[in-house]
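Colleague: I am new to this structure and would like a close look at a single part of it. Could you pick one helix and walk me through its surroundings?

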Amino acid sequence: LPKLTGIKPSCLRPNGHEFSVDVTCEGCSNVVSRVLNKPGGVEFDIDLPKKKVCINSEHSVDILLETLEKTGKAVSYLGPK
């Protein structure tokens, strides 16, 4: 497989979605990881410098958005990937 620069693996899958999440530090990133690990069936990559989270999941966008909002951070859906 060719190496793809700047594209996270979770966003390349058929059920990949990209979200903007106001993460500013490793602590924020850890909070996002904790909430995304709870529902199960979620693969994700966090891009801290770009404040983006790529998620691959069978869960609906609404469920993923609701889950990310539990972090208390500003969240928005950027679209499918």
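Modeller: Happy to; what follows starts with the whole chain, settles on helix H2, and then follows the strands and the helix around it.

First, a word on what you are looking at. This is a predicted model, and its average pLDDT is 86, with 83% of the residues scoring at least 70. Residues 1-7 have a pLDDT below 50, and that stretch makes 2 contacts in the model beyond near neighbours in sequence.

The chain has 81 residues, of which 35% count as buried. Its secondary structure amounts to 3 helices and 4 strands, arranged along the sequence as α-β-α-β-β-α-β. Take the contacts between residues at least 6 apart in sequence: 61% of them join residues at least 24 apart. The chain exposes about 5000 Å², and carbon and sulfur atoms supply 52% of that area.

Now to our helix. H2 covers residues 26-37, which makes 12 residues, and it reaches 16 Å from its first C-alpha to its last. That is close to the 16 Å expected at 1.5 Å a residue. Its buried residues are Cys-28, Ser-29, Val-32, Ser-33, Val-35 and Leu-36. And what covers them? The cover includes strands S1 (16-21), S2 (42-47) and S3 (52-57), together with helix H3 (61-69).

Let us stop at one of those buried residues, Ser-29, whose place is in H2. Its relative accessible area is 10%, and the cut-off for buried is under 20%, so Ser-29 counts as buried. Setting aside neighbours within four places in sequence, Ser-29 is in contact with Val-23, Ile-46 and Leu-48. You can also look from Ser-29 towards Thr-71: they are 42 residues apart along the chain, and their C-alpha atoms are separated by 9.7 Å.

Next, the strands. The 4 strands form an open sheet in the order S2-S3-S1-S4, with antiparallel pairing. S2 and S4 are the edge strands, each pairing on one side only. On average, neighbouring strands of this sheet are turned by 25 degrees against each other, direction ignored. In general, strands of a sheet pair through backbone hydrogen bonds, either parallel or antiparallel.

You can trace the sheet from one edge to the other. S2 and S3 pair antiparallel over 6 bridges, and here Asp-45 has Cys-54 in S3 as its bridge partner. S3 is joined in turn to S1 by 5 bridges, again antiparallel, with His-17 standing opposite Ile-55 of S3. S1 then pairs with S4 (residues 75-80) in the antiparallel sense over 5 bridges, and there the bridge partner of Ser-20 is Ser-76 in S4. As for S1 itself, 5 of its 6 residues are buried, so this strand is largely enclosed by the rest of the structure.

Finally, see how the helices lie on these strands. H2 lies across S1, S2 and S3, and it runs at about 170 degrees to S2. H3 lies across S1, S2, S3 and S4, running at about 30 degrees to S1. To return to where we began, H3 is also part of the cover over the buried residues of H2, along with S1, S2 and S3.

Key: Residues are numbered from 1 along each chain as its sequence is written. This is a predicted model: local features need pLDDT of at least 70, side-chain atom pairs count only at pLDDT 80 or more; totals for chains, interfaces and linings use all residues. Side-chain values use heavy atoms; hydrogens and water are left out. Helices (H or I, at least four residues) and strands (E, at least two) are DSSP runs, numbered from the N terminus. The expected span of a helix is 1.5 Å times one less than its number of residues. Buried means under 20% relative accessible area, exposed over 50%, partly exposed in between (1.4 Å probe, protein chains only). Contact means heavy atoms within 4.5 Å. Accessible areas come from the Shrake-Rupley method with a 1.4 Å probe; for residues, only the protein chains shown count as cover. Two strands pair if DSSP finds at least two bridges between them. pLDDT is the predictor's confidence in each residue, from 0 to 100. Axes are lines fitted to C-alpha atoms, for helices over the stretch in contact, and angles run from 0 to 180 degrees between N-to-C directions.
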